[in-house]
Amino acid sequence: MNGRKVVAMLLAGGQGSRLKTLTKNIAKPAVPFGGKYRIIDFALSNATNSGISDIGILTQYKPYLLNTHIGNGSSWDFDRNTGGLRILPPFTSEDGGRWYTGTANAIYENIDYIDEIDPEFVLILSGDHIYKMDYNELLEFHIEKEADVTIAVIEVPWEEASRFGIVNIDENNKIVEFDEKPLNPKNNMASMGIYIFNWTELRRYLLLDCDDKNSNHDFGKNVLPKMLNEEKSMYAWNFKGYWKDVGTIRSYWEANMDLLDDENKLNLYDRGWRIYTRNRNLPPHYMARDSVINNSLVNEGCVIKGEINNSILFSNIFVGKGSKVNNSVIHSGCVIEEGSEVNNTVITENMVIKAGEKIGSADDDKLYVVSDEGILIE
């Protein structure tokens, strides 16, 4: 990575409770996205495309499927004899077993791993965002500004600003205030949860934070404000590309639908910046003679005999004759029987829509989620 020694630490242990039934049995970074991917694939692919050779994946909530998906990292070229990818779950120590208690604590608990690599910089990433980013650009800005920490930021809609850490900056992009999820934000420049630290400084502040009994051991709530209060050199780097925090059912559905927009900035077909994933080696999808597919993504193993409009279908899906799927996201293994109709719906894996059943309508602005718990209306 530009000749500099960088280790990436990818926080992938989140439950994602606002995604409700989508994260009932799996961690948020493992949620399927875009027809063939999982959410974590974007951060992992960004890392390998940026030339990062060392990355730690910090898991916690229901990690089995996520760990299975990541494997030894070979899909992202991280299966190496030296360096490469390491999965770092919570562990038992002489103090007993414990969960990571916050984002900063998760990094603190793995200081030994980072010390062994002995990097100059540590890149903190989140495993639950959809975006494409060259981390070299962030690093170059960080070095140019001689910063102790640089935060990647992006403008978000004003009505969503209170969901994020908001940075207030001067004319040189130096951070003068950091407000974690403020009720009345002063601007809409939001932290993306992507930070690059000088390791010597981060290490010192992690140790200080560990000793603070009143801390939540969180970067946004504790470590970054403390560094700012002590007048450390902190800068904001403006990201101009596509980025989506898929933290709710609607934002998840919208991000999938964005892939079908001709003006979408997230180009999955960019050969210079591929999004990698674990392939399942399935047969090609089949479209029957009378089937209709309009503006949709259809993955391997699907058998389509009905009509698909503006929708995303994962693998091994059957759509029966006379059925219609509109503006929907259908996860792998689902069966949509003959004569049924699905509108504005997210269907979780291996569900069956019975013959003649209708969910939603074409002009409905509601969202529907079908799972083994029934139909949830958003």
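Trainee: In which order do the strands of the open, parallel sheet that includes β17 stand?
Mentor: This is a predicted model, where local features need pLDDT of at least 70, side-chain atom pairs count only at pLDDT 80 or more, and totals for chains, interfaces and linings use all residues. Residues are numbered from 1 along each chain as its sequence is written, and side-chain values use heavy atoms, with hydrogens and water left out. Strands (E, at least two residues) and helices (H or I, at least four) are DSSP runs numbered from the N terminus, and two strands pair if DSSP finds at least two bridges between them. The sheet has five strands, in the order β17-β20-β23-β26-β29.

Trainee: Which are the edge strands of that sheet?
Mentor: Look for strands that pair on one side only. Two fit, β17 (292–294) and β29 (358–359).

Trainee: Which residue of β20 stands opposite Val292?
Mentor: β17 and β20 (residues 307–309) run parallel, joined by three bridges. Opposite Val292 in β20 stands Glu307.

Trainee: Which are the edge strands of the sheet ordered β16-β19-β22-β25-β28?
Mentor: This is an open sheet of five strands with parallel pairing. Its one-sided strands are β16 (286–287) and β28 (352–353).

Trainee: What stands opposite Val335 in β28?
Mentor: Val335 brings us to strand β25 (residues 335–336) and its pairing with β28, which is parallel over two bridges. In β28, the residue opposite Val335 is Val352.

Trainee: Is Asn344 buried or exposed?
Mentor: Asn344 sits in the loop between β26 (341–343) and β27 (345–347). Its phi is positive, near 50°, in a residue other than glycine. Buried means under 20% relative accessible area, exposed over 50%, and partly exposed in between (1.4 Å probe, protein chains only). At 5% relative accessible area, Asn344 is buried.

Trainee: Is Glu146 buried or exposed?
Mentor: Glu146 lies in the loop between α5 (135–144) and β10. Its phi is also positive, about 50°, although Glu146 is not a glycine. Most residues other than glycine have a negative phi. With a relative accessible area of 68%, Glu146 is exposed.

Trainee: Which residue in the hairpin of β11 and β12 takes a positive phi near 70°?
Mentor: β11 (residues 165–169) and β12 (residues 175–180) pair in the antiparallel sense over five bridges. Asn168 faces Glu177 of β12. Five residues lie between the strands, and in this hairpin the positive phi belongs to Asn173.

Trainee: How many residues of β13 are buried?
Mentor: Strand β13 spans residues 189–198 and is largely enclosed by the rest of the structure. The count of its buried residues is ten of the ten.

Trainee: Which residue of β13 is the bridge partner of Glu155?
Mentor: β13 runs antiparallel to β8 (residues 121–126), with four bridges. There Ile124 stands opposite Tyr195. β13 also runs antiparallel to β10 (residues 149–155), with six bridges. In β13, Glu155 has as its bridge partner Met189.

Trainee: How many of the ten residues of α1 are buried?
Mentor: Helix α1 covers residues 40–49, and Gly51, just after it, takes a positive phi of about 85°. The buried residues include Phe42, Leu44 and Asn46. The helix is largely enclosed by the rest of the structure, as the buried residues number nine.

Trainee: What separates the C-alpha atoms of Phe33 and Asn256?
Mentor: Phe33 belongs to strand β2 (residues 32–33) and is buried, with a relative accessible area of 0%. Contact means heavy atoms within 4.5 Å; leaving out residues up to four places away in sequence, Phe33 touches Asn256, and also Phe42, Ile130 and Phe314 among others. Phe33 and Asn256 are 223 residues apart along the chain, yet their C-alpha atoms are separated by 6.8 Å.

Trainee: How do α6 and α7 lie to each other, roughly parallel or oblique?
Mentor: Axes are lines fitted to C-alpha atoms, for helices over the stretch in contact, and angles run from 0 to 180 degrees between N-to-C directions. The axes of α6 (residues 199–211) and α7 (residues 219–229) come within 11 Å and cross at roughly 120°. Under 35 degrees counts as roughly parallel, over 145 as roughly antiparallel, 65 to 115 as roughly perpendicular and the rest as oblique. The two helices are therefore oblique.

Trainee: Which residues of α7 make the contact with α6?
Mentor: From α6 come Leu202, Tyr205, Leu206, Leu208 and Asp209. From α7 come Phe219, Asn222, Val223, Lys226 and Met227.
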